[in-house]
Amino acid sequence: MSFFRHPNGGGSHADRDLPSPDLPRSSSLARPDIPSREKPTDSFQALFNHALELLTRREHSCEELRQKLVPKHPDADFDGVLQRLQTLNYQCDRRFAESFCRSRVNRGQGPLRIRQELQVRGIRGVLAQEVMDALQEDVDWFELALEQLRRKFRDPIDDTLPRAQQLKERARRQRYLAYRGFFGDAIQYAIDAANRPVDCAPV
C-alpha cells in the first residue's frame with residue numbers, strides 16, 4: 001500500500017486519517033513525554049553498542065573506553081554501561097592488562113616502559129603491581145634487552161675506534177635500551193654480551 005498522495009487528489013488512507021488542520025490539538029497528540037522517556041534508553045544502548053564494537057576488535061581498559069566514548073556520548077550513563085559490560089564479562093581491566101603486557105614484550109619493550117604505558121591506560125596500584133610481578137616470572141629482561149640491541153645494532157662496538165668514539169657509541173646504545181624501558185643492569189648486561197667475542201663451537 002502506497003502512502004503517497006494520488007495525482008487526482010483522492011488522497012491515501014493515511015491522508016484521510018489525519019485530523020483537520022483547524023481542529024484544536026489535544027495534549028495526547030503532542031505526546032511531549034516520548035522523547036524524554038526514550039532518550040536515556042537510546043543513549044545507553046548507543047553507548048553500549050559502541051563500546052561492544054571496540055571490545056570486539058581488542059581488549060580495552062576502562063580508561064581507554066571512557067576517553068574514546070564519553071566525548072561521543074556525553075549524555076549517556078558511562079558508569080552504567082561499563083558495569084553492564086563487566087557483568088557480562090565483555091570488559092575486564094585485569095584481562096586487558098595481561099594481554100597488553102604480552103603484546104609489549106613481543107614488541108621488545110622493557111618493564112619500565114610497559115608499566116608507564118599501563119598507567120596511561122588507567123592500570124595502576126595493586127593491579128599493575130600484580131600484573132608486572134606475574135610478567136617478571138615469565139620474562140628474562142636481560143636476554144630481551146640483548147635481543148633488542150642486536151636487532152638494532154648488528155655489529156659490536158669496534159674496539160679499534162678511538163676511546164672517545166667507543167664511549168660515544170656505547171652511550172648511544174644505552175640510550176636506545178633506556179628508551180625502550182630496560183633497567184640499568186639489563187642494559188649493562190646487553191651491551192657487554194653484545195661486544196663479547198662469540199666462542200668457537202668445538203669441532
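In this predicted model, the chain exposes about 14200 Å², and carbon and sulfur atoms supply 52% of that area. Buried residues make up 33% of the 203 residues in the chain. As for secondary structure, there are 11 helices and 0 strands, so to speak an α-α-α-α-α-α-α-α-α-α-α run from the N terminus on. Contacts also reach across the sequence: of those with a separation of 6 or more, 61% join residues 24 or more positions apart.

What sits inside? The largest nonpolar core has 29 residues. Those with the most contacts within this core are Ile114, Leu118, Leu135, Trp141, Leu177 and Phe182. Six stretches of the chain each chip in at least two residues: helix 6 (93-106), helix 7 (111-120), helix 8 (125-138), helix 9 (141-152), helix 10 (163-179) and helix 11 (184-195). Helix 11 gives the most, with 6 residues. This fits a familiar pattern: in soluble globular proteins, nonpolar side chains tend to be buried together.

Leu135 gives a closer look at who meets whom. Leaving aside neighbours within four places in sequence, Leu135 is in contact with Cys101, Val105, Ile114 and Trp141. Of these partners, Ile114 and Trp141 are on the list of residues with the most contacts inside the 29-residue core. Cys101, for its part, counts as buried because its relative accessibility is 1%.

Apart from the largest core lies another one, made of 13 residues, among them Ala51, Leu55, Cys62 and Leu85. Cys62 is also a part of helix 4 (residues 62-69), where the buried residues are Cys62, Glu64, Leu65 and Leu69. Seen down the axis of helix 4, these buried residues fall within an arc of 165°, so they line one face of the helix. Cys62 itself has a relative accessible area of 14%, which is why it is classed as buried.

With cysteines around, how many disulfides does the structure hold? The count is 0. A disulfide is a covalent bond between the sulfur atoms of two cysteines. For Cys62, the closest cysteine sulfur belongs to Cys92 and is 8.7 Å away, so the pair is too far apart for a bond.

The loops have their own stories. Ser61 is found in the loop between helix 3 (33-57) and helix 4. Is Ser61 buried or exposed? Ser61 counts as buried, because its relative accessibility is 0%. Not counting residues up to four places away in sequence, Ser61 touches Gln91, Asp93, Phe96, Arg121 and Ile123.

One of those partners, Gln91, lies in another loop, the one between helix 5 and helix 6. At 2% relative accessibility, Gln91 also counts as buried. Beyond its neighbours up to four places away in sequence, Gln91 touches Leu55, His60, Ser61, Cys62, Leu65, Leu82, Leu85 and Gln86. Three of the names given above for the 13-residue core, Leu55, Cys62 and Leu85, turn up among these partners of Gln91. Leu65, a buried residue of helix 4, is in the list of Gln91 contacts too. There is a polar side to this as well: a polar atom of the Gln91 side chain lies 3.0 Å from the backbone oxygen of His60.

Asn89 lies in that loop between helix 5 (78-87) and helix 6 as well. Its backbone stands out a little: phi is near 65°, a positive value in a residue other than glycine. Unlike buried Gln91, Asn89 counts as partly exposed, because its relative accessibility is 48%.

Further along, Gly181 is found in the loop between helix 10 and helix 11. With a relative accessible area of 3%, Gly181 is buried. Neighbours up to four places away in sequence aside, Gly181 touches Gly110, Pro111, Leu112 and Arg113. The C-alpha atoms of Gly181 and Gln116 are separated by 8.9 Å, although the two residues are 65 residues apart along the chain.

A similar check was made for Glu143, which lies in helix 9. Its relative accessible area is 36%, so Glu143 is partly exposed. Between the C-alpha atoms of Glu143 and Ile187 there are 9.9 Å, with the two sitting 44 residues apart along the chain.

Note on methods: Residues are numbered from 1 along each chain as its sequence is written. This is a predicted model: local features need pLDDT of at least 70, side-chain atom pairs count only at pLDDT 80 or more; totals for chains, interfaces and linings use all residues. Side-chain values use heavy atoms; hydrogens and water are left out. Buried means under 20% relative accessible area, exposed over 50%, partly exposed in between (1.4 Å probe, protein chains only). Helices (H or I, at least four residues) and strands (E, at least two) are DSSP runs, numbered from the N terminus. The arc is that of the directions from the helix axis to the C-beta atoms. Contact means heavy atoms within 4.5 Å. A nonpolar core is a set of buried Ala, Val, Leu, Ile, Met, Phe, Trp, Tyr and Cys residues joined through side-chain atoms within 4.5 Å. Accessible areas come from the Shrake-Rupley method with a 1.4 Å probe; for residues, only the protein chains shown count as cover. A disulfide is a pair of cysteine sulfur atoms within 2.5 Å. A polar contact is a pair of N or O atoms within 3.5 Å; within protein, one must be able to donate a hydrogen and the other to accept it, and residues adjacent in sequence count only if both atoms are side-chain atoms.
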